[in-house]
Amino acid sequence: MNSTLIKNITIIGAANGEVIENTSIAIENGKIKGLGNDLSKNSSNYSQIIDGEDGFLMPGFVDAHVHLLANGFQNEDYMNDPLSYYFYKGLNAAKLTLEAGVTTVRDCGLVDYGFKLAASKKLFTSPKLQISVMPLSITGGHFDITLKSGHDMIVKYPGFPHPICNGVEGVIAKTREVARAGADFIKVMATGGTTSANDKTDDIQFNIKELKAIVDEANRLDRKVATHCHGYGGLELSIKANVHSIEHGTSIDKKNAKLMVEKNIFLVPTFSVMKDQEIAAKNKTLAENKIEGTLKLVKMHKENMEIAYNQGVIMAMGTDSGVQEHGNNLSELSYFVKMGMSPLEAIVTGTLNSAKCLFLENKIGSIELGKSADLVFTKKNPLDDISILKNKNNILMIFQDGGIVKNKYID
Ligand SMILES: [Zn+2]
């Protein structure tokens with residue numbers, strides 16, 4: 001029988017985010033089979049015993065906003081790179097993400113069904129995946145990468161949906177098409193973005209009729225909707241349309257934060273990408289005409305996340321990795337703590353709450369009997385200093401479904 005005992009550990013993130021000091025955990029057939037110190041009395045029951053030496057064990061983290069197939073969204077890349085190279089880079093991104101401590105991701109655009117299928121069959125090292133395939137965008141919107149030259153830079157291959165849709169009928173058809181292509185949820189560009197070819201972050205994109213049609217159709221197909229929102233108008237319409245999660249949420253105010261609490265809408269703040277854009281603006285590596293706006297946007301984002309947090313909006317951890325480098329996902333936890341969370345709260349946000357955002361809280365997100373053995377082990381205490389988690393070298397072991405997928409600890 002294939003079973004593992006990990007003894008002498010402190011669990012951070014047991015049921016309801018509890019901390020259990022000085023305990024043991026048993027893993028069998030990929031699941032958490034037992035918890036408690038009594039387990040170590042019958043050591044002959046296990047095929048492998050790991051002494052945690054007073055280290056710390058957390059649930060595998062969930063990043064609710066990544067783009068594993070993106071590497072900076074450089075439009076020319078899609079023109080230069082052979083399609084095979086584009087996918088191989090994705091394998092590397094998946095590995096970096098997993099090794100950072102993220103055992104599950106929600107990909108907010110570009111990962112397709114084949115990539116997810118291969119990952120689920122463990123053909124390569126990857127977090128478990130929920131995918132949106134292709135975000136929906138209006139003509140001229142955040143995911144319309146048609147340049148003024150007339151060249152459409154969006155990646156194209158058979159069966160992969162194109163992002164553009166307009167009008168109630170058009171968005172319903174596109175929602176169905178993306179669902180057919182294997183989307184677990186529907187990602188929608190509700191406002192402009194900092195990296196867009198054709199728009200400004202304040203722009204309202206889909207109108208309320210279109211947004212409601214997308215949400216209705218997605219719900220009918222048993223899927224939820226996540227909207228990319230910077231500007232106020234698009235944020236307000238998204239909340240009105242009852243989306244499941246708001247990504248970025250830059251313009252959120254007290255009124256809309258209260259509505260989100262009422263409607264149980266998740267906020268995925270993506271501090272990491274905002275920081276990346278701030279650095280790019282300061283280093284002037286952004287387009288000249290985007291620099292001032294981006295700096296304003298980042299400042300507003302920081303202030304408004306605090307408002308949302310103080311109003312009690314439920315948050316999930318998302319980084320938007322893919323815009324910036326892959327594999328630094330747990331930096332996001334430090335931004336949560338700067339916003340006002342305790343380190344424990346940040347860890348629970350990055351695990352259990354994020355699992356809830358993906359409707360996976362019965363399978364992952366906490367260290368509880370029967371859940372998948374997706375685990376992250378450190379020797380340093382993240383409750384003393386959350387920033388230790390952003391250094392990959394501090395993450396000594398990672399288990400995914402009970403299997404060791406990263407090991408810098410045992411021989
Ligand atoms: Zn994104």
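Reader: Which residue follows α2, and what is the sign of its phi?

Author: Glycine 101 follows α2, and its phi is positive, near 110°. Please bear in mind that this is a predicted model, and the values discussed here are computed from it.

Reader: How many residues does α2 have, and what distance does the helix reach from its first C-alpha to its last?

Author: Helix length can be checked against a rise of 1.5 Å a residue. Helix α2 covers residues 83-99, 17 residues in all, and reaches 25 Å between its end C-alpha atoms, close to the expected 24 Å.

Reader: Which residues of α2 are buried, and why do they count as lying on the same side of the helix?

Author: The general idea comes from the helical repeat: an α-helix has 3.6 residues a turn, so residues three or four places apart point the same way. In α2 the buried residues are Gly90, Ala93, Ala94, Thr97 and Leu98. Because these residues cover an arc of only 125° around the axis, they are on the same side of α2. The face turned away from that buried side carries the exposed residues Ser84 and Tyr85.

Reader: Against which elements do the buried residues of α2 pack?

Author: Their partners are the strands β5 (61-66), β6 (102-107), β13 (395-400) and β14 (403-407), together with the helix α3 (113-120).

Reader: I should like to apply the same reading to α9. What span should its residues have, and what is the distance between its end C-alpha atoms?

Author: For the 21 residues of α9, a rise of 1.5 Å a residue gives 30 Å, and the end C-alpha atoms are 30 Å apart, so the two values agree. The buried residues of α9 are Thr294, Leu297, Val298, His301, Asn304, Met305 and Ala308. Viewed down the axis, they fall within an arc of 150° and therefore line one face of the helix. On the face turned away from them are the exposed residues Glu292, Glu303 and Asn310. The buried residues of α9 are covered by elements including α7 (254-263), β11 (266-268), α8 and α10 (331-339). After α9 comes glycine 312, with a positive phi near 90°.

Reader: How is the packing of α8 with α9 to be described: at what angle do the axes cross, and within what distance do they come?

Author: Two packed helices are described by the angle between their axes and the distance between the axes. Here the axes of α8 (residues 271-282) and α9 (residues 291-311) come within 9 Å and cross at roughly 145°. The crossing is left-handed. On the α8 side the contact is made by Met274, Gln277, Glu278 and Ala281, and on the α9 side by Ile291, Thr294, Leu295, Val298 and His301. Sorted by class, this contact has five nonpolar, three polar and one charged residues.

Reader: Which residues of α8 are buried?

Author: They are Phe271, Ser272, Val273, Met274, Asp276, Gln277, Ala280 and Ala281. The elements that cover them include α9 and α10. As for its length, α8 has 12 residues and reaches 16 Å, close to the 16 Å expected.

Reader: Let us turn to the loops. Why does valine 133 count as buried, and where does it lie?

Author: Burial is judged by counting neighbours, with 20 or more other C-beta atoms within 10 Å as the cut-off for a buried residue. Valine 133 has 27 such neighbours and therefore counts as buried, although it lies in the loop between β7 (128-131) and α4 (167-180). Beyond its neighbours within four places in sequence, valine 133 is in contact with Asp112, Pro161, Val178, Ala181, Gly182 and Ala183.

Reader: Is methionine 315 buried or exposed?

Author: Methionine 315 counts as buried because 26 C-beta neighbours lie inside 10 Å. This residue is in the loop between α9 and α10. Its C-alpha is 5.5 Å from that of phenylalanine 266, which is 49 residues away in sequence.

Reader: What is the phi of asparagine 242, and where is that residue placed?

Author: Asparagine 242 has a phi near 60°, a positive value in a residue other than glycine. Its place is in the loop between α6 (232-240) and β10 (245-248), and with 16 C-beta neighbours inside 10 Å it counts as partly exposed. Phenylalanine 359 likewise has a positive phi, near 55°, and lies in the loop between α11 (343-357) and β12 (375-378).

Technical notes:
Residues numbered from 1 in each chain as written. Predicted model: local features only at pLDDT ≥ 70, side-chain atom pairs only at ≥ 80, totals over all residues. Helix = DSSP H or I, 4+ residues; strand = E, 2+ residues; numbered from the N terminus. Expected span 1.5 Å × (residues − 1). Buried ≥ 20, exposed ≤ 12 C-beta atoms within 10 Å, placed from the backbone. Arc of directions from axis to C-beta. Contact = placed C-beta atoms within 7 Å. Axes fitted to C-alpha atoms, helices over the stretch in contact; angles between N-to-C directions. Left-handed = near helix turned anticlockwise from the far one by under 90°. Nonpolar A, V, L, I, M, F, W, Y, C, P; charged D, E, K, R; others polar.
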